[in-house]
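Visitor: I'd like to learn how to read a few features here, one at a time. Could we start with a single residue and work outward?

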2 protein chains.
Amino acid sequence: MNKDDLASIVTKITNIPWNARNVERVLSALLVSSNFWDIVSFSFEPLPAVAAVLRTLAEEGIVSFSELGVELTDRGRRFIEREKISPLHSHACPRCEGRTVVIDEFKEAFDKFAKIQLDRPEAIRKFDQGYVTPDTTFARIALADSRGDLRGKKALVLGDDDLVGIALGLTGLVEDIVVLELDERIIDFEQGVASQYSLPLKALKHDLRKPLPEELLGNFDVFFCDPPETVEALDAFVGRGVVGLKGLGGAGYFGVTHAESSFYKWRLLEMALLQRGLVISDIITDFNVYMNWEYVDEMLAWDLAPVKQPPHRNWYKSSMIRVEVVEKVEVPNEDLTDRDIYNDPESSTT
Amino acid sequence: MNKDDLASIVTKITNIPWNARNVERVLSALLVSSNFWDIVSFSFEPLPAVAAVLRTLAEEGIVSFSELGVELTDRGRRFIEREKISPLHSHACPRCEGRTVVIDEFKEAFDKFAKIQLDRPEAIRKFDQGYVTPDTTFARIALADSRGDLRGKKALVLGDDDLVGIALGLTGLVEDIVVLELDERIIDFEQGVASQYSLPLKALKHDLRKPLPEELLGNFDVFFCDPPETVEALDAFVGRGVVGLKGLGGAGYFGVTHAESSFYKWRLLEMALLQRGLVISDIITDFNVYMNWEYVDEMLAWDLAPVKQPPHRNWYKSSMIRVEVVEKVEVPNEDLTDRDIYNDPESSTT
């Protein structure tokens, strides 16, 4: 059994296109943590594939599972040596945590935000929620400001359990913020904060599977969203952002994970973005760090996990992607309510 | 005259597809520096277009040129206010300079490198050279190591005035390094250093316009290059790297600038990469910082510059791009010696 064999087995079990390099990444991650969620995080591979390869390695006597997590056996150590696997070694900047930007200049707004968000609605499964750390929310703003996408501009936030709308409002950089959200708890929360702090923010109830409302089309300079990661859903959600933009030169920011999207799928996602007339100007790995959410044991991910241990740090991360419209292409704004666009073989946290 | 008018004029003069947002970026850059090279750098726009818009703005009485550089006139200040242009505001991390990674763990190798490189051959125009800072060279290694692309692996360096081969050798991470280079000064230098420091490095004379030698095909885990930026040349040079890789899961690193490539062209470059079976996993803006080179006044860029002032800091930067092979696609390995693949309307530093 070598890495190629393992990759074929994983593809057979999960339908996720994998090669020896993908297997190697899980093994490299396994050499730095025994916690399943860490291994997913450090491997940059989709959770269902990581689970499948670990189960296969266990059947081969290469790893064993216990309440301590995933451990190499003696046989496993010989396997690692024979296959020349090195532990993953990160050189991420300790200051910005690999995000490229710092949020120092937003200290005042950040401190306000940190207090305000203590009363935020908890993430619930019904809306596929899971929010990022306050540092992440502000890093998004620092990045967008560094790209000239905020000052004096109009921002559209499509789904906002991350409270980007409030953070944008508190920094005072943008002129106008519209938040579209299905969860009335978030709408009420953001409207309340907006009126208390006099933020130029309107939060409207809207199901993003439905077309973007007529009056919002062609209105914004920049959008933020955190789309589901099937090719169809990402294309549709980013598409909603694009039709909200004024046109050429408009920018969008969103996250894409490795935990739910293989490198193979990433390429298809990128093709879809380019076909919408967008250029990808930035891809910053592990930029978005999500707080561990409460419904972890209700997810498919929990069933798939070969060890039922809780995560012991924030393990779910995503790359920050910035796109910009460089070619005018007709982007559809269809109703998707009746289509199942949320699941593919790589998803596990919905 | 508004931003849209200016964009149309620039496109007419330069043949570079531009819109109001591109104009805005130059104006935002102009509000933070009067040095032409800085304005190019901070605007993230192609130098010929920046030069054209500044000349047009001068004709309109919005800016004026002097030995101090590019300055707004009174009329210009009113224009900036009317068009609601804000100064560019960077939040780049001061610790990693926006690179995401730090090089602390390579201190010993870096100190050796810093001494060794004092005797490096100077950049010459004949080979379209211009090398990056030692910090940049090592940051590339920190990034590639963070992605698991180095330890125990074989690296191919296609063109190496940046001395990536030597840096790789000094860190001791990779098993084997092959450098292909046309400039015999660099070959001799790298061979000399390799034998003095016992590095696993071979530097071979090779013209990258010619097909990759048979014996190198399918041999490497990772490649580094710094390709010319016409769509055709980038595709060809990255293609040389790809045919040198063992196959699926192989990775490549290279820089793409904004100074020579508009956002419009970036999208075409990205399409070419995806079509080669590659996924783009990282795009890190301003990662690569080039030392100012000596032949600055021999370049087209100098002729284009509306003010003949020297750069006063390292202005030429590029985004670091990492790609990975996720689909096996036949990549051509043709002879390009007789084709002019180096110039397009956006190039100015060759």
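Guide: Sure, and keep in mind that this is a predicted model. Leaving aside neighbours within four places in sequence, Ser318(A) is in contact with Gly255(A), Val256(A), Thr257(A), Ile284(A), Asp286(A), Phe287(A), Asn288(A) and Tyr290(A).

Visitor: Which strand holds Ser318(A)? And is Ser318(A) buried or exposed?

Guide: Ser318(A) sits in strand β9 of chain A, residues 317–325. For burial, the cut-off is under 20% relative accessible area. Ser318(A) comes out at 2%, so it counts as buried.

Visitor: Where is Arg313(B) placed?

Guide: In chain B, look at the loop between α12 (300–304) and β9 (317–325), and you'll find Arg313(B) there. Values between the buried and exposed cut-offs, 20% and 50%, count as partly exposed. Arg313(B) has a relative accessible area of 43%, so partly exposed is the label.

Visitor: What does Arg313(B) touch?

Guide: Not counting residues up to four places away in sequence, Arg313(B) touches Asp38(B), Phe42(B) and Asn292(B). You can also set sequence against space: Arg313(B) and Tyr290(B) are 23 residues apart in the chain, with their C-alpha atoms 10.0 Å apart.

Visitor: Now backbone angles. Which residues other than glycine have a positive phi, say in the loop after α1 of chain B?

Guide: Asn15(B) has a phi near 70°, positive although the residue isn't glycine. Asn15(B) belongs to the loop between α1 (3–14) and α2 (20–30) of chain B. Its relative accessibility is 60%, so Asn15(B) counts as exposed.

Visitor: And what about Leu163(B), buried or exposed?

Guide: Leu163(B) is buried, at 1% relative accessibility. Its phi is near 60°, again a positive value in a residue other than glycine. You'll see Leu163(B) in the loop between β3 (154–158) and α8 (164–171) of chain B.

Visitor: On to helix packing. At what angle do α1(A) and α4(A) pack?

Guide: Helix α1 of chain A (residues 3–14) and helix α4 of chain A (residues 47–59) pack at about 125°, and their axes are 9 Å apart. The pair is therefore oblique. As for handedness, the crossing of α1(A) and α4(A) is right-handed.

Visitor: Which residues meet there?

Guide: From α1(A) come Leu6(A), Ile9(A), Val10(A), Ile13(A) and Thr14(A), and from α4(A) come Pro48(A), Ala49(A), Ala52(A), Val53(A), Thr56(A) and Leu57(A). By type, that contact has 9 nonpolar residues, 2 polar and no charged.

Visitor: How do I read the relation between the two chains?

Guide: Two copies of a chain are related by a rotation about an axis and a shift along it. Here, a 180° rotation with 0.0 Å of shift along its axis puts chain A on chain B, at an RMSD of 0.0 Å. That is the relation of a two-fold axis. What's more, 100% of chain A's interface residues are also interface residues in chain B, so the copies meet through the same surface.

Visitor: How do the α11 helices of chains A and B pack?

Guide: α11(A) and α11(B), residues 263–275 in each, pack at about 145° with axes 10 Å apart. Their crossing is left-handed. The contact brings Arg267(A), Glu270(A), Met271(A) and Leu274(A) to Arg267(B), Glu270(B), Met271(B) and Leu274(B). Sorted by type, those residues are 4 nonpolar, no polar and 4 charged.

Notes:
Residues are numbered from 1 along each chain as its sequence is written. Chains are lettered from A and ligands numbered from 1 in the order in which they are written. This is a predicted model: local features need pLDDT of at least 70, side-chain atom pairs count only at pLDDT 80 or more; totals for chains, interfaces and linings use all residues. Side-chain values use heavy atoms; hydrogens and water are left out. Axes are lines fitted to C-alpha atoms, for helices over the stretch in contact, and angles run from 0 to 180 degrees between N-to-C directions. Helices (H or I, at least four residues) and strands (E, at least two) are DSSP runs, numbered from the N terminus. Angles under 35 degrees count as roughly parallel, over 145 as roughly antiparallel, 65 to 115 as roughly perpendicular and the rest as oblique. A crossing is left-handed if the near helix is turned anticlockwise from the far one by less than a right angle, and right-handed if clockwise. Contact means heavy atoms within 4.5 Å. Ala, Val, Leu, Ile, Met, Phe, Trp, Tyr, Cys and Pro count as nonpolar, Asp, Glu, Lys and Arg as charged, and the others, Gly among them, as polar. Copies are superposed by least squares on the C-alpha atoms of residues with pLDDT of at least 70 in both. Buried means under 20% relative accessible area, exposed over 50%, partly exposed in between (1.4 Å probe, protein chains only).
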